[in-house]
Amino acid sequence: MKGDDLVAACEAALSAAPSGTIALQLREKDLPARELYELALRLRGICTRAGAPLIVNDRVDVAIAADADGVHLPFDSIGVSMARKLLGTRRLIGVSSHSPPDVAGAAREGADFAVFGPVFDPLSKPATGPAWGASGLKAACAAGAIPVFALGGMTPERTRKLFASLDPTARPAGVASIGAIFGADSPALATAAMLSVLEPSKTRRR
């Protein structure tokens, strides 16, 4: 999904979310810097109107130039300490984690949050490793004193069952979803369905 289609899908997804309930991550690894920056500016506008943070994947320079709210660092990126020097304390720094020790390391380095997975086999791309399931997610949430977001094959039904199987003190702060939202015929309805599991009271008040 590229260009106008991506922007329209993002705007539709954000339209279904009460302010402050979701964030949008811009993850377009193959775009040249100028195109990525221009896309980030367009998404900055719709995120501001929706009250949603904009997070840019990996590219600290683009995040700063587009006045994004933070960056998400892949495991092979520049590292939290260097990103923090460039971003300051105002912007968020998230880290990809693929094991509980990764989450612990991200917390020690000063990350604001970690995205952990795959919890289930991804919907948007081939699996690169075995899924961790509920037990792995529970261990990741206990590994460091930062919010953890579950990634990998997260659908509303899987999320409902997963959260029901975990003690409230061991649940993740939320989920990160690509395929369940952008692979749906209606990103708005898909977002609303996910939020009905994660934030039922807020969804009912909308």
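Ile64, Ile78, Met82 and Leu86 make a nonpolar patch of about 340 Å² on the surface. The model behind this report is a predicted one. Ile64 sits in helix α3, which spans residues 60-65. With a relative accessibility of 35%, Ile64 counts as partly exposed.

**Nonpolar core**

Nonpolar side chains tend to be buried together in soluble globular proteins. Here the largest nonpolar core has 46 residues. Which members touch the most others? Leu43 and Leu137 do. Helix α2, residues 33-50, gives the most to this core: six residues.

Leu137 has contacts along the chain, leaving aside residues up to four places away in sequence. It touches Phe116, Val119, Val148, Ala150, Leu162, Leu166 and Pro172. One of these contacts, Phe116, returns below as half of an aromatic pair.

**Aromatic pairs**

An aromatic pair is described by the distance of the ring centres and the angle of the planes. The structure holds two such pairs. In one, the centres of the Phe113 and Phe149 rings are 5.8 Å apart. Their planes stand at 85°, so this pair is edge-to-face. The cut-off for that label is over 60 degrees. Phe113 belongs to strand β5 (residues 113-116) and Phe149 to strand β6 (residues 148-151). The pair therefore links distant parts of the chain, 36 residues apart. Phe113 is buried, at 13% relative accessible area. Phe149 counts as partly exposed, at 25%.

The other pair is Phe116 with Trp132, whose ring centres lie 5.6 Å apart. Their planes are at 50°, so the pair is tilted. Phe116 lies in strand β5, whereas Trp132 lies in the loop between β5 and α6 (133-141). The pair thus ties together parts that are 16 residues apart in sequence. How do the two partners compare in cover, buried or partly exposed? Phe116 is buried, with a relative accessible area of 0%. Trp132 is partly exposed, at 34%.

**Salt bridges**

Side chains of opposite charge can pair when their charged atoms come close. A search of the whole structure finds nine salt bridges. The table gives three of them, including the N to O distance for each.

| Basic residue | Acidic residue | N to O distance |
|---|---|---|
| Arg59 | Asp61 | 2.8 Å |
| Arg91 | Asp67 | 3.1 Å |
| Lys161 | Glu157 | 3.7 Å |

Take the Arg59 bridge to Asp61. Asp61 is partly exposed, with a relative accessible area of 43%. Arg59 also counts as partly exposed, at 28%.

Now the bridge between Arg91 and Asp67. Arg91 lies in the loop between α4 (80-87) and β4 (92-97). Asp67 lies in the loop between α3 and β3 (70-73), so this pair ties together parts that are 24 residues apart in sequence. Is Arg91 buried or exposed? Arg91 is buried, with a relative accessible area of 9%. Its partner Asp67 counts as partly exposed, at 40%.

Lys161 and Glu157 have another arrangement. Both lie in helix α7 (residues 156-165). They are four residues apart, so about one helical turn separates them. Glu157 is partly exposed, at 39% relative accessible area.

Salt bridges can also share partners. Through shared partners, Asp67, Arg90 and Arg91 join into one network.

**Backbone details**

Most residues other than glycine have a negative phi, and most peptide bonds are trans. Some places in this model depart from that pattern. Where is a cis peptide bond found? A cis bond joins Gly117 and Pro118, with omega of about 5°. Pro118 is placed in the loop between β5 and α6. Trp132 is in that loop too.

Asp58 has a positive phi, near 70°, and is not a glycine. Asp58 is in the loop between β2 (54-57) and α3. At 31% relative accessibility, Asp58 counts as partly exposed.

Asp67 likewise has a positive phi, near 55°. Its place is in the loop between α3 and β3. Asp67 thus brings together two features: a positive phi and a salt bridge with Arg91.

Definitions and conventions:
Residues are numbered from 1 along each chain as its sequence is written. This is a predicted model: local features need pLDDT of at least 70, side-chain atom pairs count only at pLDDT 80 or more; totals for chains, interfaces and linings use all residues. Side-chain values use heavy atoms; hydrogens and water are left out. Rings of Phe, Tyr and Trp (its six-membered ring) pair if their centres lie within 6.5 Å; planes under 30 degrees apart count as stacked, over 60 as edge-to-face and the rest as tilted. Helices (H or I, at least four residues) and strands (E, at least two) are DSSP runs, numbered from the N terminus. Buried means under 20% relative accessible area, exposed over 50%, partly exposed in between (1.4 Å probe, protein chains only). A nonpolar core is a set of buried Ala, Val, Leu, Ile, Met, Phe, Trp, Tyr and Cys residues joined through side-chain atoms within 4.5 Å. Contact means heavy atoms within 4.5 Å. Patches are made of residues with over 30% relative accessible area and no salt bridge: like charges are joined within 9 Å, nonpolar side chains (Val, Leu, Ile, Met, Phe, Trp, Tyr) within 5 Å. Accessible areas come from the Shrake-Rupley method with a 1.4 Å probe; for residues, only the protein chains shown count as cover. A salt bridge is a side-chain nitrogen of Lys or Arg within 4 Å of a carboxyl oxygen of Asp or Glu.
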